[in-house]
Amino acid sequence: MPNNASHDIAVVGAGIIGVACALRLARQGLRVVVIDQQEPGHGASFGNAGHLATEQVFPIADLSILKRLPAMLMDPMGPLRLDWKYMPRALPWFTRLLLNLRSEPFRKTVAGLRALNEGSLEAWHRLLSDIERPDLLKVDGSLLVFERAESLQAIEALQVRLHQQQVPVDFWQADAIRDSAPQLSERIRGGLFFPRTGHFIDPYRVVCELVSAAKASGVRFVKQQVQGGYVQEHGVSLITGNGGLTASRVLIACGAHSAKLTAALTGKTVPLDTERGYHLMLPQEHGRLPFPVTSMERKFIMTPMSEGLRLAGTVEFAGLEQPPKMERAWQLHRLSQGLFRKDLSAEAATPWMGFRPSLPDSLPVIDQVCGGKVLLAFGHQHLGLTQAAVTADMIVQMAGAATTNPPKDLPCSEAYRLARF
């Protein structure tokens with residue numbers, strides 16, 4: 001490999017995290033290329049819930065998952081599903097998940113998630129202001145509602161736990177909820193309001209605007225599949241479907257597809273699995289909600305967007321190869337029935353499925369290894385959109401790129417090291 005690599009950094013992955021990192025790195029004067037087999041933003045970034053979920057500081061599961069395992073295997077429409085054919089491959093991952101729910105690992109996970117989430121809103125404000133599109137983010141809060149009287153105890157316990165983590169949260173009675181969201185049903189008894197959260201009016205448009213800004217800053221976008229690579233003395237060589245590409249450094253940010261390239265470049269096997277998430281977009285539903293609303297009992301979220309109302313949620317463990325079960329997306333519409341005074345219209349609705357990259361401790365990998373030649377930013381599970389901007393700030397700092405106004409109080413990177421595996 002020649003000493004004069006053709007790029008300073010090659011970013012593998014054109015989702016929200018890879019594109020945000022590419023833009024920030026290019027604006028520090030680095031020569032950046034982004035490589036993905038899909039068009040930018042066409043993976044998980046296209047169909048996420050659009051919720052800036054800074055309140056979600058707890059892991060994706062708790063010990064009750066053991067009790068739910070039979071239902072996960074038997075109920076194809078349940079909110080948390082494990083495909084029985086995938087169980088042998090998923091079992092080691094679930095074992096590590098359970099081990100990470102012990103008190104000390106759990107505490108580290110919560111601290112790591114909280115540190116990232118606390119800086120996420122300000123990081124997004126900076127990034128969207130830089131590209132002159134602050135209008136894409138609405139910081140109007142979000143709401144977790146409950147319908148059953150027996151759920152009140154769980155809601156109050158959750159509020160206590162969130163207060164202990166210094167997450168801003170208020171308890172709203174039913175009348176306060178209906179004042180803010182009058183189309184919601186009388187069945188809703190109350191909920192928790194999170195004032196320091198927000199939502200994106202069009203998550204895919206956010207990626208597109210970042211791509212436009214990145215191109216204007218000199219970033220090249222290449223539509224190719226990265227099949228492997230290797231680290232050499234003077235940089236990194238990537239093997240693609242169209243030959244190869246050289247760079248002084250590489251950033252692996254290809255979400256659920258990151259494990260294979262990470263192993264090739266670093267020799268490290270990462271326990272990365274995928275949560276298959278679904279959404280149903282309702283284009284006829286505008287003005288139903290002022291902000292995202294999540295149902296505690298029904299376990300899904302509804303987010304108002306410029307193109308309608310997006311219903312999102314459910315977690316399915318079935319790997320990267322099996323085709324989507326779009327019935328799970330349509331199930332979201334059935335779950336919404338009864339939450340509004342008048343049921344939502346599914347006319348011209350469109351279903352979608354995407355892969356969320358998940359690690360068993362619920363924390364991402366944000367790191368640099370191989371003497372700084374390999375940067376890593378993946379494994380953000382269902383918080384990729386939330387944590388993309390602050391992750392980009394951390395990657396710029398790790399890359400040693402000069403910046404005139406460096407962000408203050410970035411999360412300590414120790415919690416997100418590759419070496420923890």
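This report walks through some strands, helix contacts and loop residues of one chain. Keep in mind that the model is predicted.

**Around strand 1**

Let's begin with strand 1, which covers residues 9–12. Its side chains split two ways: Ile9 and Val11 point to one side, Ala10 and Val12 to the other, and all of them are buried. That fits the usual picture, in which side chains in a regular strand alternate between the two faces of the sheet.

Strand 1 has parallel partners to talk about. With strand 2 (residues 32–36), strand 1 pairs in the parallel sense over four bridges, and Ile9 has Val32 as its bridge partner there. With strand 14 (residues 249–252), strand 1 also runs parallel, joined by four bridges. In that pairing Val11 sits opposite Leu251. So much for the strands; there is a helix in the story too. Strand 1, helix 1 (residues 16–26) and strand 2 together make a right-handed β-α-β unit.

**A three-stranded antiparallel sheet**

Further along the chain there is an open sheet of three strands, ordered 11-12-13, with antiparallel pairing. Strand 11 (226–232) and strand 13 (243–247) are the edge strands, each pairing on one side only. From one strand to the next, the twist averages 20 degrees.

How are the strands of this sheet connected? Strand 11 and strand 12 form a hairpin with two residues between them, and another hairpin takes strand 12 into strand 13, again through two residues. Strand 12 itself spans residues 235–240 and pairs with strand 11 over six bridges, in the antiparallel sense. Within that ladder, Gly228 stands opposite Ile239, while Val226 has Thr240 as its bridge partner. On the strand 13 side, five bridges hold the antiparallel pair, and Thr240 turns up once more, this time opposite Gly243.

Is strand 12 largely enclosed or largely open? Five of its six residues are buried, so strand 12 is largely enclosed by the rest of the structure. Helix 9 (residues 258–266) lies across strand 11 and strand 12, running at about 25 degrees to strand 11.

**Helix 5 meets helix 11**

Now for a helix pair. Helix 5 (residues 103–130) and helix 11 (residues 384–398) pack with their axes 7 Å apart, at an angle of about 85 degrees. That angle makes helix 5 roughly perpendicular to helix 11. On the helix 5 side, the contact is made by Leu113, Leu116, Asn117, Gly119, Ser120, Ala123, Trp124, Arg126 and Leu127. Helix 11 brings in Leu385, Thr386, Gln387, Ala388, Ala389, Val390, Asp393 and Met394. Sorted by class, the contact has 10 nonpolar, five polar and two charged residues.

**Buried residues in loops**

A few loop residues deserve a look of their own. Here is how buried they are:

| Residue | Relative accessible area | Status |
|---|---|---|
| Ser151 | 8% | buried |
| Asp361 | 8% | buried |
| Ser362 | 1% | buried |
| Gln381 | 5% | buried |

Ser151 belongs to the loop between strand 6 (142–146) and helix 6 (152–164). Not counting residues up to four places away in sequence, Ser151 touches Phe146, Met296 and Glu297. There is also a distance to note: the C-alpha atoms of Ser151 and Gly190 are separated by 9.8 Å, with their positions 39 residues apart along the chain counted as the spacing.

Asp361 is found in the loop between strand 19 (350–358) and strand 20 (365–369). Setting aside neighbours within four places in sequence, Asp361 is in contact with Asn100, Thr109, Arg420 and Phe421. Ser362 lies in that loop between strand 19 and strand 20 as well.

What is the sign of phi at Ser362? Phi of Ser362 is positive, near 65 degrees, in a residue other than glycine. Gln381, in the loop between strand 21 (374–378) and helix 11, also has a positive phi, about 45 degrees, although Gln381 is not a glycine. For context, most residues other than glycine have a negative phi.

How values were computed
Residues numbered from 1 in each chain as written. Predicted model: local features only at pLDDT ≥ 70, side-chain atom pairs only at ≥ 80, totals over all residues. Heavy atoms only, no water. Axes fitted to C-alpha atoms, helices over the stretch in contact; angles between N-to-C directions. Parallel < 35°, antiparallel > 145°, perpendicular 65-115°, else oblique. Contact = heavy atoms within 4.5 Å. Nonpolar A, V, L, I, M, F, W, Y, C, P; charged D, E, K, R; others polar. Pairing = 2+ DSSP bridges. Buried < 20%, exposed > 50% of the residue type's maximum accessible area, 1.4 Å probe, protein only. Right-handed = clockwise from strand over helix to strand, strands pointing away.
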